[in-house]
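User: I'd like to go through this one and check the labels people put on its parts. Can you take me through the reasoning?

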Amino acid sequence: MSRERTFSELRGRNALAFVLRWRRRHIPDSQFMLLVSFLVGVFTACAGLLLKWLITQIEHVLTQEFDATSDNWLYLVYPVVGIFLTMMFIRYVVRDDIGHGVTKILFAIARKQSRIRAHNTWTSIVASAITIGFGGSVGAEAPIVLTGSAIGSTLGSVFRLGGKQMMLLVGCGAAGAVAGIFKAPIAGLVFVLEVLMIDLTMTSLLPLLVSCVTAAGLTFAVSGITPIFEFHLQSTFDIQRLPAYLGLGIVCGLVALYFTRTMNMLEGVFRRIDGMYGRFALGGVMLSLLIYLFPPLYGEGYDLITLLLRGGGEADWNIAMDRSLFYGSGHLLIYLSLIVLFKVFASTATNGGGGCGGIFAPSLFLGCVTGFVFCRLWNEYGMLDMEIPERNFAMLGMCGLMSGVMHAPLTGIFLIAELTGGYQLFMPLMIVAVGSYLTIKAFEPHSIYAMRLAQRGELLTHHKDKAILTLMSVDSVIQHYERVLYPDMTLADVAAQVSSSRNHVFPVVDRQMRFIGAVYFDDIRHLIFRTELYRQFTVAQLMKKPPVTLTVNDSMDVVVKAFDTTRAWTLPVVGVDGTFVGFIRKSAVLTVYRQVLADFSTD
């Protein structure tokens, strides 16, 4: 049986090799990339449609019988069950971390040659569907973006494409996912440029567009061409409302800052809890209580967004308090303000407790509520004796929060315009997006996705030099040594190594292989041919301590700065425990740098 299986595998590999050879002879790389990007668009659209359908079905089955006029105690149960099921699925089926989807994509691009594990093509769909369907206060978009990027990476691996093509296919997957799930092809393209920071060239433009148009077109064909959120414009752009637009932009930037820093603080609390069951207990209790008090926090929250964008008066907007303890109280503004305050707690509790989801939907949800509350407060206190429309500002708030949280103003502008059909307010969208972005940028230099990687020097940016260094790995420039010197060796032992080596520097280690210094050929040149001195000098007398010792965990940016600072030509590298690993030569760094630069600069 095993022999038959082995024969079948060999036959499959030979068939794939034949197909790949035929493709290289008959289909140019540029045309093949368009074909693969089309497939990526099809698969990501199908994945997005499947995920949305699963979430809708689970949520409908669980909540269709809920009473709108009172609180519902099952809100205390469903979120806990959802987090627990997701946690068990990830622990015993996936056996891998599938959270922080966009951050994982950024890390894969920067440090893993754009390779994402194949299981991410489906595991994020299952995990996020369970989490969100049972009430997890997160979004489905980041998981589907990871799914799309994994589809692109997997296809690139199957067809054995190079590093630049792999990176482009990961971008195509992410772009297709955003374009498909939001019905927003332009936003999908802009998202890849702003958030994933993949540079736009003529080579990358067409595949990205193909994936975006394919994914959005397939979604339109299945679910219709109407925008996801039905938005009724109350009034067009009015220059007299410029102070209100600027004010909303600043407020959105501050709320985005609160969201970002509070989420980081709460994630730190969850990381400090030992054991998954402790994290599950804290996250489950926090999430279920918040959803019980504020039912709009259940799931993605798109029902409340739709309500605030379509509502025509107080009677419509008060529906937001249905199914809660606030029903019939009339305190809508207080209720929505508390939702703004606690949304970040619900979202972090979902993921920290063991769930799976992203912050796309929480950003849209929080922005819509923030814009509505801002508008009501402005009108209530008669700011500048000028009335501003609630629906318009609810829509503008979505753009402001997304621009601030993601540090992506263009993505916010085009995504909200495509989501709502609010193209008539393009100028206010730009004002609010830029205001929010500049406000949070003054406090946080990186987005919530990128800050962890930026702190470790693992973030790909549009800065060409830093981008090339990020794409390089320390392992690729280390020269490993099979032979080493010990402090008690003599000059004769050094001469023996010199005679059989082309190296000009030799490592000195102790008996535990911990690095303690180096012997440089230039320093012993005048002694090496004097045999009468061979027994008079030991390695301990001849060695020097290099100006800097690098570690295997250092980024290439740190390596280059060390060479620039010390003006050395060779520096040692040690492991985390101090054991000797090898040397890095400046010439090797420059050679690899030139190769990577040439690879990613060709059109």
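Analyst: Sure, let's go label by label. Keep in mind that this is a predicted model. As an overview, the protein has 25 helices and 6 strands, and its C-alpha atoms fill a box of roughly 100 × 55 × 50 Å along the principal axes.

User: How many of the residues are buried, and what makes a residue count as buried?

Analyst: Buried residues make up 54% of the 603 residues. The label needs a relative accessible area under 20%. As for the outside, the accessible surface comes to about 26,400 Å², with 61% of that belonging to carbon and sulfur atoms.

User: What do the contacts say about how far apart in sequence the partners are?

Analyst: Take contacts between residues at least 6 apart in sequence: 76% of them join residues at least 24 apart.

User: And where do the charges sit on average?

Analyst: There are 48 positive and 43 negative charges, and their mean positions are 12 Å apart.

User: Why is helix 5 called largely enclosed?

Analyst: Helix 5 covers residues 123-133, and 10 of its 11 residues are buried, so the rest of the structure largely encloses it. Among the buried ones are I125, A127, I130 and I132. The cover includes helix 2 (29-63), helix 3 (78-94), helix 6 (141-158) and helix 14 (332-352). Just after helix 5 comes G135, with a positive phi of about 115 degrees.

User: What makes strand 1 and strand 4 edge strands?

Analyst: Start with the sheet: it is open, has 4 strands in the order 1-6-5-4, and its pairing is mixed. Strand 1 (478-479) and strand 4 (550-551) each have a single partner strand, so one side of each has no neighbour in the sheet.

User: How do you know that strand 5 and strand 6 pair?

Analyst: Two strands pair if there are at least two bridges between them. Strand 5 (residues 570-574) and strand 6 (residues 580-585) have 5 bridges, in the antiparallel sense, so they meet that cut-off. One spot to look at is P572, which stands opposite F583 in strand 6.

User: Which helix packs on that sheet?

Analyst: Helix 24 (residues 556-566) does, touching strand 4, strand 5 and strand 6. Its direction makes about 140 degrees with that of strand 5.

User: What about T566: why is it called partly exposed?

Analyst: T566 is in helix 24. Its relative accessible area is 23%. Partly exposed runs between 20% and 50%, so the label fits. Leaving out residues up to four places away in sequence, T566 touches P547, V548 and L571. The C-alpha atoms of T566 and P547 are separated by 6.6 Å, although these residues are 19 apart along the chain.

User: Why is strand 2 called mostly covered?

Analyst: Strand 2 spans residues 505-509, and 5 of its 5 residues are buried. V505, P507 and V509 point one way, F506 and V508 the other, and all are buried. That pattern has a simple background: in a regular strand the side chains alternate between the two faces of the sheet.

User: Which strand does strand 2 pair with, and how do you know?

Analyst: Strand 3 (residues 515-520) is joined to strand 2 by 5 bridges, and the two run antiparallel. Pairing needs at least two bridges, so they pass. F506 has V519 as its bridge partner in strand 3. Strand 3 is mostly covered too, with 5 of its 6 residues buried.

User: What makes the phi of M513 worth pointing out?

Analyst: M513 has a positive phi of about 65 degrees although it is not a glycine. Most residues other than glycine have a negative phi. M513 lies in the hairpin of strand 2 and strand 3, which has 5 residues between the strands. M513 is partly exposed, because its relative accessible area of 31% falls between the 20% and 50% cut-offs.

User: And what is the story with R160?

Analyst: R160 also isn't a glycine, yet it has a positive phi of about 55 degrees. You'll find R160 in the loop between helix 6 and helix 7 (163-182). With a relative accessible area of 49%, R160 is called partly exposed, because the exposed label takes over 50%.

Key
Residues are numbered from 1 along each chain as its sequence is written. This is a predicted model: local features need pLDDT of at least 70, side-chain atom pairs count only at pLDDT 80 or more; totals for chains, interfaces and linings use all residues. Side-chain values use heavy atoms; hydrogens and water are left out. Buried means under 20% relative accessible area, exposed over 50%, partly exposed in between (1.4 Å probe, protein chains only). Contact means heavy atoms within 4.5 Å. Accessible areas come from the Shrake-Rupley method with a 1.4 Å probe; for residues, only the protein chains shown count as cover. Lys and Arg count as positive and Asp and Glu as negative; His and the chain ends are not counted. The place of a charge is taken as NZ of Lys, CZ of Arg, CG of Asp or CD of Glu. Axes are lines fitted to C-alpha atoms, for helices over the stretch in contact, and angles run from 0 to 180 degrees between N-to-C directions.
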